[in-house]
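This report introduces a single protein chain to a reader who has not met it before. It begins with burial and overall form, then turns to charge and to one sheet.

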Amino acid sequence: MAETQSSHHNHPLGLSSKEILADYRIGFMSRQASLIGRKEVLSGKAKFGIFGDGKEVAQLAMARAFKKGDWRSGYYRDQTFMLAIGALDIKKFFAQLYADADVSHDPSSAGRQMNSHFATRYIDENGQWRNQCMMKNSSADISPTAGQMSRSVGLAYASKIYRENKAIEDHLQFSNKGQEVSFVTIGNASTSEGVFWESLNAAGVLRVPLVIIVWDDGYGISVPNRYQTTKESISKILAGFQHSKDEPGVDIKTVKGWDYGALCATFADAAEAARKDHTPALIHVQDMTQPQGHSTSGSHERYKDGTRLQYETDADCLKKMREWMLAEGVCDAAKLAEIENSAIEEVKDLKAQAWQEFLAPIKNEQQEAANLIAKFGEVTTATYDHLTKAPTINRKVVQSALQKAVIETIGIQPAERQNLLTFLDEYIQKNARRYNTFLLSESSRSSIGVSQVHPTYDGDETVDGRQIIQKFFDKLLADDPRVFIIGEDVGKIGGVNSEFEGLNEKHGEIRVTDTGIREATILGQGIGAAIRGLRPIVDIQYLDYLLYCFQTLSDDLASLHYRTAGGQIAPVIIRTKGHRLEGIWHSGSPIGMILSGVRGVHVCVPRDMTQAAGMYRTLLQGDDPGLVIEVLNGYRRKEKLPTNLGEYNVPLGLPEVLRLGKDVTIVTYGACVQIAFEGAKILEACGVDAEIIDVQTLLPFDKHGVISTSLEKTGAILFLDEDVPGGATAFMMQNVLEHQRGYELLDAPPKTLSAQPHRPSYGTDGDYFSKPNAEDVFHAVYDLVREREPHRFPALRS
């Protein structure tokens with residue numbers, strides 16, 4: 001683990017003086033952008049700033065090792081790197097700082113993410129994939145510390161898939177025989193997060209081309225390394241991971257953050273080994289500085305003493321690079337001063353352009369609104385003054401003024417008021433487009449657009465449910481070489497429920513692959529590979545284990561398409577199993593939590609394996625991510641075997657009416673469908689005719705009003721599931737009563753029936769008394785219909 005030192009006799013890597021000076025100019029401009037950016041925040045032009053000052057020289061070296069087709073999975077310090085690879089310019093940097101909603105000004109996020117959160121657009125305006133091998137690629141940043149790590153494993157894993165799966169060698173827009181390297185950057189303090197260790201271990205086990213770069217400036221906001229890391233050094237404590245010829249692992253390297261020559265050599269060596277041999281590496285970049293502190297939220301003078309602050313000045317990487325260039329004769333001081341002065345002026349000019357381009361359309365909107373509001377004279381004078389004299393102009397101010405003017409002018413000047421209303425309605429729609437779009441694919445590749453194809457049957461042959469899933473995945477793997485399946489126990493033993501039996505042996509280990517117990521990076525493998533054009537199915541063994549990867553699922557995957565304003569997708573499918581098993585573990589049904597946390601991911605809740613197979617096929621025809629929650633006790637339940645397995649689709653957002661009835665509508669999903677039928681049988685004996693609807697998918701939920709149509713007939717409704725009270729039943733009720741206006745159709749109070757608020761107890765009795773059962777369904781429905789028609793349904797107790 002020797003420290004690399006630069007040569008004092010030759011330019012690094014054979015670079016010319018011109019190339020070195022070009023690097024320095026980019027680094028210097030980046031520093032000026034940081035300094036000016038902080039002032040823009042403190043002056044009120046921007047809301048918040050977080051910058052990459054102090055990290056410039058190392059990022060210049062990283063950019064030199066980065067090639068077309070490579071991937072970055074980074075965090076909010078990498079502006080210099082993005083500038084150096086040409087994926088960012090100074091004007092776009094400031095546009096993002098100002099939250100410019102024009103995607104041509106801020107292609108990373110169209111103003112949706114705070115500054116220094118970068119992304120390249122590998123999906124075009126029509127929703128089609130661009131050629132990633134012709135781009136220098138950056139997956140979209142997220143703020144949660146170390147959240148970028150799990151995705152980086154998948155980006156590297158895709159190279160392994162493309163190298164080893166000969167059936168997809170011709171996918172040239174995504175890979176050139178698996179030579180692409182995934183670079184992930186992380187701050188020293190964030191290496192304390194569990195997902196960092198999980199990702200590092202996964203990279204070593206998988207042997208994938210992942211280069212992990214730790215920017216170490218000695219602090220995590222105000223907390224120094226002695227509170228963060230054992231021995232105060234991440235590279236020291238990773239010695240056991242060190243790669244060798246006899247024991248493959250991760251190549252651990254250290255280098256100073258101000259040593260341009262050593263940095264160029266270190267990054268070049270690590271990238272070459274990763275590219276050629278798929279040897280992962282970790283580069284610990286030490287002695288970095290943070291001239292402006294963590295962010296604009298505060299000053300680092302609050303927690304750094306005078307000695308440390310002086311060190312920040314003395315060890316500044318740009319200062320050190322400048323001294324080195326002068327000592328090496330790269331150029332003289334006059335030339336450097338000329339470069340620096342021109343760079344300062346250019347940054348100031350581009351900043352001013354970005355501000356004007358951001359402000360100009362809003363000023364036009366402000367003026368149009370003011371002209372309309374002025375027509376009402378004294379009635380709207382205060383609103384007009386507030387709009388035209390606001391110290392800060394933004395779309396909130398404009399729309400708020402329009403709304404106030406509409407309220408103030410109720411009942412007066414109909415013609416002028418109609419113009420005001422029209423402008424307001426159009427403005428609301430435009431802003432909705434700016435800020436509320438692209439949660440899901442809006443292209444022809446939307447999963448929601450997949451039409452229904454019914455399963456067909458020839459005779460009454462029945463098989464275990466797990467065999468339907470096994471046969472479906474077998475056909476899928478044979479038909480689509482982009483598909484692979486990973487997860488705990490899915491390989492050699494074919495899944496704990498035998499649903500993958502024989503598939504590892506038949507299709508090969510690269511297609512059906514065992515993983516370690518590491519849910520966050522199982523999902524990360526899927527996300528990164530899906531970003532690179534593959535169609536992964538990641539298996540999370542049980543529904544409660546979803547919590548291990550929920551941060552990645554919620555913060556990264558679910559928000560990806562939204563936070564890039566349609567510029568990135570990751571159509572990964574997460575497969576898990578849950579619901580009706582007995583006991584505190586593996587039998588929970590935390591659907592309400594899932595629904596609240598994964599908007600942007602389709603949530604499918606099939607009642608059986610036939611339905612599940614159709615949902616997988618639907619999801620695989622679209623570009624949205626999906627979560628499929630199979631019924632855990634359904635693998636041994638007998639089902640009819642479809643003759644067109646792998647050819648039928650279950651559409652998203654289309655409930656299925658399973659039992660017709662006229663007295664009450666029971667709305668449910670998953671394992672509770674069986675419970676609803678058992679309850680309906682008891683009810684039928686007492687003269688109650690229940691209609692049963694399986695929602696099939698919760699996200700999206702009943703896009704066609706199937707449930708309200710049923711409610712129009714029955715006038716009464718019960719929402720049933722095994723989530724906690726107020727969970728998914730409340731979600732379903734709101735959708736039907738509010739969004740579908742089902743409250744207008746009721747002639748009895750709506751009811752919900754869910755599990756108890758605790759985890760289910762173990763054993764048959766624990767299950768019976770913890771979760772809804774057939775008798776519970778009977779009583780809930782009978783009480784409901786009796787309240788409406790007491791003459792028809794006598795009291796159960798006299």
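## Burial and contacts

In this predicted model, 60% of the 798 residues in the protein chain are buried. The surface that the protein chain exposes amounts to about 31,400 Å², and carbon and sulfur atoms supply 50% of that area.

Contacts were also examined by separation in sequence. Of those between residues at least 6 apart in sequence, 79% join residues at least 24 apart.

## Overall form

The protein chain contains 27 helices and 22 strands. Along the principal axes, its C-alpha atoms fill a box of roughly 100 × 85 × 50 Å.

For 798 residues, a compact globule would have a radius of gyration near 28 Å; the protein chain has 30 Å, which agrees with that expectation.

## Charged side chains

The protein chain carries 87 positive and 103 negative side chains. The centres of these two sets lie 3 Å apart.

## An open parallel sheet

Strands of a sheet pair through backbone hydrogen bonds, and the pairing is either parallel or antiparallel. One open sheet in this model has 6 strands in the order β2-β1-β3-β4-β8-β7, with parallel pairing. Its edge strands are β2, residues 137–138, and β7, residues 251–256, each of which pairs on one side only.

At the β2 edge, the neighbouring strand is β1, which spans residues 71–73 and pairs with β2 in the parallel sense over 2 bridges. In one of the bridges, R72 has S138 of β2 as its partner.

Key: Residues are numbered from 1 along each chain as its sequence is written. This is a predicted model: local features need pLDDT of at least 70, side-chain atom pairs count only at pLDDT 80 or more; totals for chains, interfaces and linings use all residues. Side-chain values use heavy atoms; hydrogens and water are left out. Helices (H or I, at least four residues) and strands (E, at least two) are DSSP runs, numbered from the N terminus. The radius of gyration is taken over C-alpha atoms; the globule rule is 2.2 Å times the number of residues to the power 0.38. Buried means under 20% relative accessible area, exposed over 50%, partly exposed in between (1.4 Å probe, protein chains only). Contact means heavy atoms within 4.5 Å. Accessible areas come from the Shrake-Rupley method with a 1.4 Å probe; for residues, only the protein chains shown count as cover. Lys and Arg count as positive and Asp and Glu as negative; His and the chain ends are not counted. The place of a charge is taken as NZ of Lys, CZ of Arg, CG of Asp or CD of Glu. Two strands pair if DSSP finds at least two bridges between them.
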